[in-house]
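Biologist: I would like a close look at a single part of this model, followed by an account of how the rest is put together. Please keep it plain.

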Amino acid sequence: MNTSGVVLRKPIDEDGQSVHQLITQTPELDSNSCYCNLLQCGHFSDTSIIAEQQGVVLGFISGYLKPTQPQTLFIWQVAVSSAARGQGLGSRMLQQLLDRKESASVTHLETTITETNDASWALFKRLAENFDAPLERSVMFDRVTHFNDEHDSELLARIGPLAR
């Protein structure tokens, strides 16, 4: 699939169901309720982004400014449909999020990634390189302590300060 005609935009409430379908079809991601995705599209539209082509949602990134560190953009999930992978769509969405006026004060970006999610590590390593910023890794949610040994540990990836 050619993603050159993809439109990147802020999500709206009505995107919640399509986002929910995309996330449930992305096996690397934990599914949330449709209601959660509706809230992400509505309440966090300034810090989230949709990639759409001819009415079909091909990508979605949910994020928010951390309440205790408003200069840090926390990326909750990055979803790219299997048909659009390998074409840099995730990188384009992240870049546009950081280029928004709402992100002007952002100096750091954080996300969590499991150790074995090579695609996500590659995406955020590229972002760090593009912003000439260090990427630090540490355990945020431990497999045993936080997940009762039912989910892999989530490693915090912190990028910054971002050179703009």
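Where does Asp149 lie?

Modeller: This is a predicted model, and what follows should be read as such. Asp149 lies in the loop between strand 6 (135-141) and strand 7 (154-159). With a relative accessible area of 45%, Asp149 is partly exposed. The phi angle of Asp149 is near 65°, a positive value in a residue other than glycine. If neighbours within four places in sequence are left aside, Asp149 is in contact with Arg143 and Val144. Thr68 is 81 residues from Asp149 in sequence, and the two C-alpha atoms are 29 Å apart in space.

An aromatic pair involves Phe147 and Phe141. The ring centres of Phe141 and Phe147 are 6.5 Å apart and the planes stand at 75°, so this pair is edge-to-face; over 60 degrees is the cut-off for that class. Both rings belong to residues that are partly exposed: Phe141 has 33% relative accessibility, and Phe147 has a relative accessible area of 23%.

Past strand 7 comes the segment that holds Pro161. A cis peptide bond joins Gly160 and Pro161, with omega at about 0°.

On the other side of strand 6, the loop between helix 4 and strand 6 contains Asp132. Asp132 also has a positive phi in a residue other than glycine, here near 50°. Its relative accessible area is 65%, so Asp132 counts as exposed. Arg137 lies over the face of Trp121, at 4.0 Å from the ring centre.

Helix 4 (residues 118-130) packs with helix 3 (residues 89-99) at an angle of about 45°, and the axes are 10 Å apart. That angle makes helix 3 oblique to helix 4, and the crossing of the two is right-handed. From helix 3, the contact is made by Gly90, Ser91, Leu94 and Leu98. From helix 4, Leu123, Phe124, Arg126 and Leu127 take part. An α-helix has 3.6 residues a turn, so residues three or four places apart point the same way.

The buried residues of helix 3 are Leu89, Gly90, Met93, Leu94, Leu97 and Leu98. Gly90, Leu94 and Leu98 thus appear both among these buried residues and in the contact with helix 4. The buried residues of helix 3 pack against helix 4 and also against strand 1 (7-9), strand 2, strand 3, strand 4 (69-80) and strand 5 (108-114).

Strand 1 holds Arg9, which at 22% relative accessibility counts as partly exposed. Not counting residues up to four places away in sequence, Arg9 touches Asp15, Ile49, Ile50, Glu52, Gln96 and Arg100. Of these contacts, Ile49 is 40 residues from Arg9 in sequence, while their C-alpha atoms are 5.7 Å apart in space.

Strand 2 contains Gln53. At 17% relative accessibility, Gln53 counts as buried, the cut-off being under 20%. Leaving aside neighbours within four places in sequence, Gln53 is in contact with Met1, Asn2, Thr3, Gly5, Val6 and Leu58.

The structure holds three aromatic pairs. Besides the pair of Phe141 and Phe147 described above, one of them is formed by Phe44 and Tyr64. Their ring centres are 6.2 Å apart and their planes are at 50°, so this pair is tilted. Phe44 lies in the loop between helix 2 (34-43) and strand 2 (49-53), and Tyr64 lies in strand 3 (residues 56-66), so the pair ties together parts that are 20 residues apart in sequence. Phe44 is partly exposed, with a relative accessible area of 32%; Tyr64 is partly exposed as well, with 25%. Together with Phe74, Phe44 and Tyr64 form one aromatic cluster.

To return to the part you asked about, Asp149 is a partly exposed loop residue with a positive phi, and its contacts beyond four places in sequence are Arg143 and Val144.

Note on methods
Residues are numbered from 1 along each chain as its sequence is written. This is a predicted model: local features need pLDDT of at least 70, side-chain atom pairs count only at pLDDT 80 or more; totals for chains, interfaces and linings use all residues. Side-chain values use heavy atoms; hydrogens and water are left out. Rings of Phe, Tyr and Trp (its six-membered ring) pair if their centres lie within 6.5 Å; planes under 30 degrees apart count as stacked, over 60 as edge-to-face and the rest as tilted. Helices (H or I, at least four residues) and strands (E, at least two) are DSSP runs, numbered from the N terminus. Buried means under 20% relative accessible area, exposed over 50%, partly exposed in between (1.4 Å probe, protein chains only). A charge sits over a ring if NZ of Lys or CZ of Arg is within 6 Å of the ring centre and within 35 degrees of the ring normal. Axes are lines fitted to C-alpha atoms, for helices over the stretch in contact, and angles run from 0 to 180 degrees between N-to-C directions. Angles under 35 degrees count as roughly parallel, over 145 as roughly antiparallel, 65 to 115 as roughly perpendicular and the rest as oblique. A crossing is left-handed if the near helix is turned anticlockwise from the far one by less than a right angle, and right-handed if clockwise. Contact means heavy atoms within 4.5 Å.
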